[in-house]
Amino acid sequence: MHAAHRRHSVRYLPALIATATLLTACGTSGGASSSKADEPSAKVTVTPAAGSKSVKLGSAISIRADGGKLTSVEVKDDQGTKVDGRLSAGGASWKSDGKVRPKTTYTVKTRAKSTGGKESSATSVFTTEAADKINKLTNTPGGGQTVGTGMPVSILFDNPIATDRRAGIEKALKVTTKPHVEGAWGWVKDYSGKDRIDWRPKDYWPSGTKVSVKGALTGIDSGANGGWFARDYNFGFAIGADHKAVIDVPSHTLTMYENGKNVGSVVGSAGSPQDPTRGGVHTVRSKNAAETMDSSTIGHGDEWMLDSKWVTHLTASGTFLHSAPWNKQLGVANTSHGCFGMSTGDAKKVYDFLTIGSTVKVNGTSNPNKTDVGNGLEVWQESWQQWQQRSALK
């Protein structure tokens with residue numbers, strides 16, 4: 001019995017060996033098919049690094065793929081706002097258009113493909129440091145407004161702008177117009193004492209022009225303890241009808257022009273020889289249907305406190321067009337303190353005709369002083385050549 005059992009075992013041994021050989025062959029075949037899976041993925045490096053909790057302000061976001069290329073990049077801040085950037089030719093790298101915002105968490109999602117075709121994806125999260133101070137701006141005109149043909153783009157900063165930072169900020173601001181209109185930025189000291197930058201066209205705007213203003217200011221340092229900008233700006237406005245006015249001081253007359261055509265005149269009273277009206281071309285900066293004229297605001301103490309209607313503001317220092325029913329010499333003599341006063345009815349006509357951004361030219365005044373550009377929206381007090389010298393990029 002034992003001998004028979006041994007013969008039976010030997011008889012089937014070759015079959016067992018054959019089976020083992022077959023299993024080994026199958027294992028070798030599986031290794032060949034998984035070689036692509038074992039291939040290394042493209043190495044994607046995100047800067048700032050994932051997990052960083054206090055990324056320095058002023059940093060850009062950059063992504064690099066080694067051993068392959070980036071096929072998609074999505075970067076969002078903690079408000080869900082997409083961060084724009086540019087993928088290099090061939091997809092080897094990506095860089096944000098702007099800098100990071102203060103105290104913000106960013107999520108970076110990437111997809112990449114290795115040189116051998118292996119696809120991979122990754123997510124990276126980092127947070128920026130807080131800013132000691134934030135700088136903000138106020139733009140004039142406001143978004144969506146329709147304004148006159150003399151209106152500049154005017155940007156007033158909350159905090160100072162260091163001289164050595166002005167060129168960078170100016171580069172980050174862009175004006176686009178349809179149709180194309182030539183113009184330039186110029187740095188101005190506002191009447192309030194704050195820093196300001198204005199963009200004026202070389203000549204008056206054509207009616208119907210559409211204006212778009214973009215400021216890629218996120219992550220730019222103002223310097224001079226002015227703080228960091230924490231957001232971008234984007235606004236637009238339109239240019240309306242061409243309405244202008246001309247004041248002839250000697251004849252006590254204001255004439256209105258639409259598209260260069262005389263559409264009517266009114267009489268009034270300009271500044272007296274002691275307080276002559278400011279000359280040159282002024283831009284209407286604001287209007288009030290009713291206002292109290294307070295002598296203390298223009299250096300005349302408590303001489304008067306008068307209620308006026310239909311007040312059109314030119315300079316920040318107090319050159320206005322307004323009703324002056326108390327003045328008995330309208331159209332006869334110039335007796336005001338620098339304004340142009342009219343009857344209530346005529347002031348209403350002028351108020352309705354002139355829009356924000358319309359221009360008012362004053363001729364024949366004895367005032368020899370040129371109004372400072374920052375004293376209102378006084379960009380037309382200078383020639384085009386003078387204005388261009390105000391740019392930090394000249």
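This is a short talk on the salt bridges, one four-stranded sheet and the aromatic rings of the structure above.

Okay, hi everyone. Before anything else, keep in mind that we're looking at a predicted model.

Let me start with charges. Side chains of opposite charge can pair when their charged atoms come close. Searching the whole structure turns up 16 salt bridges, and I'll walk you through a few of them.

First up, R166 and D195. Their side chains meet in a salt bridge, with 3.4 Å from N to O. What does that pair tie together? R166 belongs to helix 3, residues 166-172, and D195 to strand 14, residues 195-201, so the bridge connects parts that are 29 residues apart in sequence. D195 has a relative accessibility of 5%, and because that is under the 20% cut-off, D195 counts as buried.

Next, D190 and R196. In this salt bridge the closest N and O atoms are 2.7 Å apart. Are the partners buried or exposed? D190 is buried, at 16% relative accessible area, and R196 is buried too, at 3%.

Then there's E382 with R390, another salt bridge, where the closest N and O atoms are 2.8 Å apart. Here the two ends fall into separate classes: E382 is buried at 11% relative accessibility, whereas R390 is partly exposed at 23%. The cut-off matters for that last call: buried means under 20% and exposed means over 50%, so R390 at 23% lands in between.

One more on charges, and this one goes beyond a pair. D164, R165 and D221 are linked in a network of salt bridges.

Quick detour to a serine. S124 lies in strand 7, which covers residues 119-127, and S124 is buried, with a relative accessible area of 6%. So what does S124 touch, if you skip residues up to four places away in sequence? The list is V46, A50, Y106, T107 and V108.

Now the sheet. Have a look at strands 22 to 25: the four of them form an open sheet, in the order 22-23-24-25, with mixed pairing. Strand 22 (286-294) and strand 25 (340-342) are the edges, each pairing on one side only. On average, neighbouring strands in this sheet are turned by 35 degrees against each other, ignoring direction.

Zooming in on the middle of that order, strand 23 (residues 305-313) pairs with strand 24 (residues 320-323) in the antiparallel sense, over two bridges. If you want a residue to click on, try H313, which stands opposite F320 in strand 24.

And there's a helix to go with the sheet. Helix 4, residues 344-353, lies across strand 22, strand 23, strand 24 and strand 25. Relative to strand 23, helix 4 runs at about 30 degrees.

Last topic, the rings. How many aromatic pairs are there? The count comes to seven. Ring pairs also link F157, W187 and F229 into a cluster.

Some rings have a charge sitting over them as well. K348 lies over the face of W310, at 4.9 Å from the ring centre. Over at Y233, the charged end of R231 sits above the ring, 4.0 Å from its centre.

So, to recap: 16 salt bridges, an open sheet of four strands with helix 4 lying across it, and seven aromatic pairs. That's me done, thanks.

Conventions: Residues numbered from 1 in each chain as written. Predicted model: local features only at pLDDT ≥ 70, side-chain atom pairs only at ≥ 80, totals over all residues. Heavy atoms only, no water. Buried < 20%, exposed > 50% of the residue type's maximum accessible area, 1.4 Å probe, protein only. Contact = heavy atoms within 4.5 Å. Pairing = 2+ DSSP bridges. Axes fitted to C-alpha atoms, helices over the stretch in contact; angles between N-to-C directions. Phe/Tyr/Trp six-rings, centres within 6.5 Å; stacked < 30°, edge-to-face > 60°. Lys NZ or Arg CZ within 6 Å of the ring centre and 35° of its normal.
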